[in-house]
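The exercises below are meant to be worked with the model open beside the text. Try each task before reading the solution that follows.

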Amino acid sequence: MQTLQTWRDYSEKMEKIFKIVNTEEQNQHTDNDLNISRSKLLISCRLHIYKESQFQLDNFLTRNECNVLSPELCLLQGEKIQMAKMYHLDHMIDKVIKVEENINFFPLLCKLSKDKNSEEVLKLFTAPVESIRKNIKHIIFESDMQFCALVLCVLYEDGFDTDWLKLQSILETEKRNKLEEIVKEFDIKLSREMSRKTLKLAFDTLVGTYLRQRGTEYRMIHDIIHELAAVICGKKLTECFIKYAPSVFIRDHFILNLSLVHQ
């Protein structure tokens with residue numbers, strides 16, 4: 001919700017900036033050049049934000065769209081084959097291409113195929129959602145630290161900065177208290193240096209498959225990962241998610257018992 005509001009807050013400023021750039025370009029070019037359209041692109045991999053009804057209200061951000069998942073713009077078979085080779089799937093290209101027709105996150109599956117044997121790769125491409133769900137459940141069962149890392153990336157929807165693990169670096173009391181309460185669910189004491197380092201390592205371990213990293217900030221690598229992790233983790237920590245998850249998440253994933261709410 002915060003990301004959505006940020007886009008809306010800055011949309012008017014961006015529109016003014018684009019108009020200024022257009023004016024400057026027109027002053028710098030000849031009459032013939034003025035006939036050439038100067039394109040401005042805003043690129044995002046977070047399709048769920050673009051689809052939000054409130055985001056769609058902003059005409060400046062939605063008047064033109066190039067959806068790379070659409071039939072007209074999606075990856076061609078030759079491009080998929082080339083990508084599969086990049087991830088050393090040469091020996092399985094025929095099988096992979098046959099089963100991926102209804103999958104719109106082919107690059108993600110290639111990433112997730114890392115370190116898997118042929119049978120596991122085939123299962124991943126045949127039943128991707130179930131395979132990803134199973135892998136996330138395995139992470140939750142095997143590692144509390146990685147479980148915690150996933151939860152933090154879901155509950156801090158605009159990204160989790162591992163610098164925050166040093167609580168004194170968080171100026172906002174509410175954000176600091178939120179982090180302390182979440183990690184308590186995993187019996188993690190951020191006052192201990194070893195706990196902070198171990199949790200940071202958990203984030204790093206998930207990079208490239210479930211998380212992506214920019215500097216010290218970590219986010220979910222893909223919408224489908226975010227969605228599945230949110231549902232699975234939310235079922236495990238229902239009270240925690242109801243208390244700390246964004247309101248949009250609560251709206252979309254929880255059915256509240258109104259009789260209990262009014263008590």
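**Exercise 1.** How many residues does helix 10 have, and what distance does it reach from its first C-alpha to its last?

*Solution.* The structure is a predicted model, and in it helix 10 runs over residues 128-142, which makes 15 residues. The reach from the first C-alpha to the last is 21 Å, close to the 21 Å expected at 1.5 Å a residue.

**Exercise 2.** Find the buried residues of helix 10, and then name what covers them.

*Solution.* Taking buried to mean under 20% relative accessible area, the residues to list are Pro128, Ser131, Ile132, Ile136, Ile139 and Ile140. Their cover includes helix 8, helix 9, helix 11, helix 13 and helix 14. For Ile132, once neighbours within four places in sequence are left aside, the contacts are Phe105, Leu108, Leu109, Leu112, Leu124, Ile225 and Leu228. Ile132 also appears, together with Leu179, as one of the residues with the most contacts inside the largest nonpolar core, a set of 65 residues. Helix 11 gives the most to this core, with 10 residues. As background, nonpolar side chains tend to be buried together in soluble globular proteins.

**Exercise 3.** Check the span of helix 13, and then work out where its buried residues lie around the axis.

*Solution.* The 14 residues of helix 13 should span 20 Å at 1.5 Å a residue, and because its end C-alpha atoms are 21 Å apart, the two values agree. The buried residues are Ser195, Arg196, Leu199, Ala202, Phe203 and Leu206. They cover an arc of only 120° around the axis, and therefore they sit on the same side of helix 13. On the other side of this helix, Met194, Lys197 and Leu201 are exposed. The cover over the buried residues of helix 13 includes helix 10 and helix 11, as well as strand 1, strand 2 and strand 3. Just after helix 13, Gly208 takes a positive phi of about 95°.

**Exercise 4.** In what order do the three strands of the open sheet lie, and which of them are the edge strands?

*Solution.* The order is 1-3-2, with antiparallel pairing. Strand 1 and strand 2 are the edge strands, since each pairs on one side only. Strand 2, residues 211-214, and strand 3, residues 217-220, are joined in the antiparallel sense by four bridges. Among the bridge partners, Gln213 is matched with Tyr218, and Arg214 with Glu217. Two residues lie between these strands in their hairpin, where Gly215 takes a positive phi near 65°.

Technical notes
Residues are numbered from 1 along each chain as its sequence is written. This is a predicted model: local features need pLDDT of at least 70, side-chain atom pairs count only at pLDDT 80 or more; totals for chains, interfaces and linings use all residues. Side-chain values use heavy atoms; hydrogens and water are left out. Two strands pair if DSSP finds at least two bridges between them. The expected span of a helix is 1.5 Å times one less than its number of residues. Buried means under 20% relative accessible area, exposed over 50%, partly exposed in between (1.4 Å probe, protein chains only). Contact means heavy atoms within 4.5 Å. The arc is that of the directions from the helix axis to the C-beta atoms. A nonpolar core is a set of buried Ala, Val, Leu, Ile, Met, Phe, Trp, Tyr and Cys residues joined through side-chain atoms within 4.5 Å.
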